[in-house]
Amino acid sequence: MHERILIIDFGSQVTQLIARRVRESGIYSEIQPFNSVTIETIREFNPKGVILSGGPASVTATDTPRAPDGLFTMGLPVLGICYGEQTMCAQLGGKVEESNHREFGRAFVNVVDDCELFHGVWKVGSKEQVWMSHGDKIDAIPDGFRAVAISDGSPFAAIANDEKKFYGLQFHPEVVHTPHGAKLIENFTHRVCGCSGDWTMQSFKDEEIKKVREQVGDGKVICGLSGGVDSSVVAVLLHEAIGEQLTCVFVDTGMMRKNEAEEVVSMFRDNYKIKLVHRDAADLFIDRLEGVSDPEKKRKIIGSTFIDVFEEEAKNIGGADFLAQGTLYPDVIESVSFTGGPSVTIKSHHNVGGLPERMNMQLVEPLRELFKDEVRILGRELGLPENFVGRHPFPGPGLAIRLPGGVTREKLEILRNADAVYLEEIKNAGLYDIIWQAFAVLLPVQTVGVMGDARTYDFVCAVRAVTSTDGMTADFYHFDMEFLAQLSNRIINEVPGINRVVYDITSKPPGTIEWE
């Protein structure tokens, strides 16, 4: 059995990033919601250490989340992050109060003492950048603890009890905005918990193949192949696990990128010899979306139509026992907490949650605990070509959610062509692999323009490009103005229906990466 770290989720939107950082250091981790964790489940999981996540609640209120009281007498190392630090202090006899000096976003801490978390990373007397997100503050720490870092708003920004191996951080080390945060977490897993790091993508692949074989047995599996990285990796992984028991169904929704349908069919039929059903359902999807402008309704229509098509194809191939999907961590955390915890719903995802009972199929979701970059690593482990593995993320609902407002065939064609020009320019500039995701959006806005001395009244195209490591947070890409000028010129000249181009400079948060 692999070394394990248990993460107790108090509802932070970035709890999944803690798991990602732990896995980066070669340690298997799982997240469990605070309201389902007991001393018995902790013993059963047998972790080398426990991390308490942040969360939206206030320790000062009544009936708010707490760690199991017995946790602190189990002899396990514990790291509390933000709310996790506060509840640890409150439960061990310290004092937490509302603060008049709240800290949100970038902050700086002064390192005032040494501890195992800081080994080889921070030195006493240094001033370090971190990312804060809290309104309460710790006024008194429990016996046995000492302050090792302070900030203007947090007299106990980092605390340590070396004897019991309890540590607390008021800031979030899991986000990229804390530059040395990943190393602090690694010090906890390796130096404090004594982990060596025996979890790799090779071991994950082997274990998932084994799990799939055990789950599926001699049953038939139908896999939804979208052509994106996630579903492609799922398809190849399943084919390696169960071979001819797998049938992939590629549903052309009419909302794919330019030439994408042909590329997907060629890739899997010709290169991998995987059984593939190509279903052109563009008319069905677009007809059902007619007159619908609400983004949540669009997602739900696409999701239900997707399932309807799968139900038909499953019957056509003689029935299937399982439906495979490329659901990832970020999909789940934005729909509902991965394990039923209290995080807030941001938007729904069409490939998350169960299937209608009438389908009588079980879900196979081998990537459900992976982040996008981990899926790429798994894809390389499986031998997928780099041009496929390195593709930018593409949403399940496709171009429909890059068309704010109503969806029409005309608008889809305009957007498809603009997006193709945009991606071509990015590749020509050698920026494709630097940028996490880039795409065009066709706005439901028309503006007056002048082309060839004639008045035009055409659509506005917004272009978006972000850098990220996990999709949970992102910053807009800082293009050179010459690049944007050339791009705008090409789109307006080559794509009929567009006479204005704008660039989206919103980061995530406060925005999302996609517009809908």
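Tutor: A residue is called buried if its relative accessible area is under 20%, exposed if over 50%, and partly exposed in between (1.4 Å probe, protein chains only). The structure beside us is a predicted model, in which local features need pLDDT of at least 70, side-chain atom pairs count only at pLDDT 80 or more, and totals for chains, interfaces and linings use all residues. Residues are numbered from 1 along each chain as its sequence is written, and side-chain values use heavy atoms, with hydrogens and water left out.

Student: What makes helix H3 "mostly covered"?

Tutor: Helices (H or I, at least four residues) and strands (E, at least two) are DSSP runs, numbered from the N terminus. H3 spans residues 83-91, and 8 of its 9 residues are buried, among them Tyr-83, Met-88, Cys-89 and Gln-91. Just after H3 comes Gly-93, with a positive phi of about 105 degrees.

Student: Why is Cys-89 called buried?

Tutor: Its relative accessibility is 0%, which is under 20%, and therefore Cys-89 counts as buried.

Student: How many disulfides does the structure hold, and how do you know that?

Tutor: A disulfide is a pair of cysteine sulfur atoms within 2.5 Å, and the structure holds 0 of them. For Cys-89, the nearest cysteine sulfur is that of Cys-82, 12 Å away, and Cys-89 is in no disulfide. Cys-115 is in no disulfide either, since its nearest cysteine sulfur, that of Cys-193, is 13 Å away and not within 2.5 Å. Cys-115 has a relative accessible area of 7%, so this residue too is buried.

Student: Why is the pair of Phe-145 and Phe-166 called what it is, stacked or edge-to-face?

Tutor: Rings of Phe, Tyr and Trp (its six-membered ring) pair if their centres lie within 6.5 Å, and planes under 30 degrees apart count as stacked, over 60 as edge-to-face and the rest as tilted. The structure holds 15 aromatic pairs. In this one the centres are 6.5 Å apart and the planes of Phe-145 and Phe-166 stand at 25 degrees, so the pair is stacked. Phe-145 lies in the loop between strand S6 (127-140) and strand S7 (146-150) and Phe-166 in strand S9 (residues 166-169), so the pair ties together parts that are 21 residues apart in sequence. Phe-145 is buried at 11%, and Phe-166 is buried at 3%.

Student: What makes the pair of Phe-268 and Phe-388 stacked or edge-to-face?

Tutor: Their centres are 6.1 Å apart and their planes stand at 75 degrees, which is over 60, so this pair is edge-to-face. Phe-268 belongs to helix H7 (residues 260-271) and Phe-388 to helix H12 (residues 386-389), so parts 120 residues apart in sequence are tied together. Both Phe-268 and Phe-388 are buried.

Student: How do you know that the charged end of Arg-391 sits over the ring of Phe-388?

Tutor: A charge sits over a ring if NZ of Lys or CZ of Arg is within 6 Å of the ring centre and within 35 degrees of the ring normal. The charged end of Arg-391 is 4.4 Å from the centre of the Phe-388 ring and sits over it.

Student: What makes S10 and S11 a pair of strands?

Tutor: Two strands pair if DSSP finds at least two bridges between them. S10 (residues 221-224) and S11 (residues 246-252) have 4 bridges in the parallel sense, with Ile-222 opposite Thr-247. The chain passes from S10 through helix H6 (residues 229-242) to S11 in a right-handed β-α-β crossover, the term for a path that runs clockwise from the first strand over the helix to the second, with the strands pointing away from the viewer. S10 also runs parallel to S13 (residues 322-324), joined by 3 bridges.

Student: Why is Gln-446 called buried, exposed or partly exposed?

Tutor: Its relative accessibility is 36%, between 20% and 50%, so Gln-446 counts as partly exposed. Gln-446 is found in strand S15 (residues 437-451).

Student: Why is Lys-273 called buried or exposed?

Tutor: Its relative accessibility is 59%, which is over 50%, so Lys-273 counts as exposed. Lys-273 has a positive phi of about 55 degrees although it is not a glycine.
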